[in-house]
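User: I'm a first-year student and I'd like a close look at one part of this model. Please start with any hollow space inside, then work outwards through what surrounds it.

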Amino acid sequence: MAQFYSPKRRVTTRQNSPVLTLTVDNLDPFGQGVAHHNGKAIFVPGVLPGEQAEVQLTEEKNKFAKGRLKRLLSRSPQRVEPRCPHFGVCGGCQQQHADESLQQQSKAAALVRMIARETGVTPQQEPVIAGPQYGYRRRARLGLLWQPKQQRLVMGFRQAASSDLVPVTQCPVLHPELEQLLTPLRACLSALQVARRLGHVELVLADNGPVLVLRHLDALKEDDRQALQAFARTKNVTIYLAPDSDSLEKLCGETPYYQVDGLRLDFSPRDFIQVNDHVNQQMVAQALEWLSIQPNDRVLDLFCGMGNFTLPLARRAAAVVGIEGVATLVANGQYNAHKNRLNNASFFHENLEEDVEQQPWAAQGFDKVMLDPARAGAAGVMSHIVKLAPERVVYVSCNPTTLARDSKVLLSAGYRLARVRMLDMFPHTGHLESMALFINGSAPEVAAK
């Protein structure tokens with residue numbers, strides 16, 4: 001999630017502060033209403049643009065303040081009833097009270113404003129890449145906590161700004177196949193002998209069915225293993241056991257996989273995969289279109305993971321080189337390339353935050369570059385991309401702040417920012433993901449569709 005104000009300044013908490021009557025002007029990407037009073041921006045969760053509210057200030061900084069909603073005086077036509085009974089307590093979602101169009105418009109506008117402010121280039125606002133607003137998450141991690149006084153196991157998500165667990169029986173943003181497991185799974189885990197010594201459970205929906213990873217702090221006895229196997233048979237679930245953060249044992253079931261661009265990618269349940277399959281499919285297709293891959297092209301895929309972009313690129317290019325810092329993902333990328341008979345895709349395990357000049361791929365020439373870095377961005381590799389002088393660069397970002405920073409390097413080198421699209425990868429949350437196309441020199445621009 002992007003930070004749109006600095007959290008490091010000294011905070012003053014106002015005691016017995018007066019109640020202000022404010023009208024919210026717009027919505028920030030985190031779902032907070034933004035009002036203004038005496039020239040200062042005031043962020044108020046739970047209030048939408050156009051709504052008037054009574055607000056009590058809770059924090060003040062030099063240039064902005066935070067407030068708490070006391071009473072809503074008017075309602076926006078874009079206010080909707082949250083679908084989740086845990087909304088407002090669970091920290092997972094922040095915007096279920098705002099309709100789909102408002103969420104997307106506010107994020108897309110924030111993206112354009114940030115890029116324009118940081119780079120001096122105002123990109124054209126394009127249609128958002130989106131999927132269903134609910135039932136989209138194919139991955140979730142739930143905490144497990146034994147309460148000795150109540151003699152019960154709590155399974156749920158963290159509260160907002162707290163480490164406490166919210167017991168969850170429903171989660172509408174989860175894919176229905178995963179949501180349906182919540183109640184029977186808690187019952188199964190509660191009955192285990194090791195119920196008091198469980199850490200968390202991860203749910204992943206592969207294309208061949210649900211996957212469960214159970215973190216247990218004590219060794220499982222045979223009765224518990226049999227109980228989990230019985231649950232797996234009843235619910236058609238693959239189960240992995242995690243006795244520590246590094247180990248993973250498949251108790252039962254099939255190796256999970258997902259498909260993209262007609263390819264099958266096997267993965268370990270701890271591997272990174274995009275949480276929103278609908279958006280991922282569109283994102284990959286858009287990247288392929290923007291890069292305009294030709295049969296003779298050599299393509300570089302940085303921060304490539306297990307090949308989500310690499311392998312679709314290899315179906316079209318002469319050669320693709322993927323660079324990734326996690327060894328297990330590199331191994332899975334190599335395996336999936338072999339399994340899909342893509343002999344023109346090669347993977348390197350390298351740290352892209354170190355000096356890339358000495359890395360084996362760096363001396364090779366590339367026509368196109370694809371990169372999908374983590375939140376920290378790609379500062380360590382941007383200057384080398386410029387040296388490679390590819391015709392096109394597609395940058396997928398989960399942090400508009402680092403996207404704007406890294407864009408400056410390409411713009412200073414003569415690239416033009418041709419296209420930007422927001423990715424609504426995580427509806428109802430403050431995550432703002434996007435993708436951008438940079439074109440070198442006089443290369444032809446991709447027409448908007």
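Analyst: Let's go hunting for hollows. A search of the whole structure turns up one cavity of 30 Å³ or more (a set of points on a 1 Å grid where a 1.4 Å probe fits but cannot get out). The largest cavity has a volume of about 60 Å³, counted as the space filled by probe spheres set on the points, which are joined across faces, edges and corners. Keep in mind that this is a predicted model, where local features need pLDDT of at least 70 and side-chain atom pairs pLDDT 80 or more, while totals for chains, interfaces and linings use all residues. Residues are numbered from 1 along each chain as its sequence is written, and side-chain values use heavy atoms, with hydrogens and water left out.

Who sits around the hole? The lining (residues with an atom within 4 Å of a point) is made up of Ala 108, Leu 111, Val 112, Gln 124, Gln 125, Glu 126, Val 128, Val 420, Arg 421 and Met 422. Sorted by class, that gives six nonpolar, two polar and two charged residues. Helix 1 (100–119) and strand 21 (415–423) each bring at least two residues to this lining; helices (H or I, at least four residues) and strands (E, at least two) are DSSP runs numbered from the N terminus.

Now follow Val 420 outwards, but meet the big core on the way. The largest nonpolar core (buried Ala, Val, Leu, Ile, Met, Phe, Trp, Tyr and Cys joined through side-chain atoms within 4.5 Å) has 87 residues. Among those with the most contacts inside it are Leu 189, Leu 214, Leu 228 and Met 435. Helix 5 (residues 277–291) gives the largest share of this core, seven residues. Apart from this core lies another, of 31 residues, and that's where Val 420 turns up, along with others including Met 382, Val 321 and Tyr 395.

Met 382 takes us on to helix 8 (residues 379–388), where Val 381, Met 382, His 384, Ile 385 and Leu 388 are buried (under 20% relative accessible area; exposed is over 50%, partly exposed in between, with a 1.4 Å probe and protein chains only). Look at the spacing here: an α-helix has 3.6 residues a turn, so residues three or four places apart point the same way. The buried residues of helix 8 pack against strand 16 (298–302), strand 19 (368–371), strand 20 (392–397) and helix 9 (400–412).

What happens just after helix 8? Ala 389 comes there with a positive phi of about 55°, although this residue is not a glycine. Ala 389 belongs to the loop between helix 8 and strand 20, and with a relative accessible area of 41%, Ala 389 counts as partly exposed.

For a side-by-side look, try Asn 38. Asn 38 also isn't a glycine, and its phi is a positive value near 55°. Asn 38 is in the loop between strand 3 and strand 4, and at 73% relative accessibility this residue is exposed.

So the hole is lined partly by helix 1 and strand 21, and Val 420 from that lining leads to the 31-residue core that also holds Met 382, one of the buried residues of helix 8.

Note on methods: 1 Å grid on protein atoms, 1.4 Å probe; cavity = no way out; pocket = protein on both sides within 12 Å on 5 of 7 lines; lining within 4 Å. Nonpolar A, V, L, I, M, F, W, Y, C, P; charged D, E, K, R; others polar. Contact = heavy atoms within 4.5 Å.
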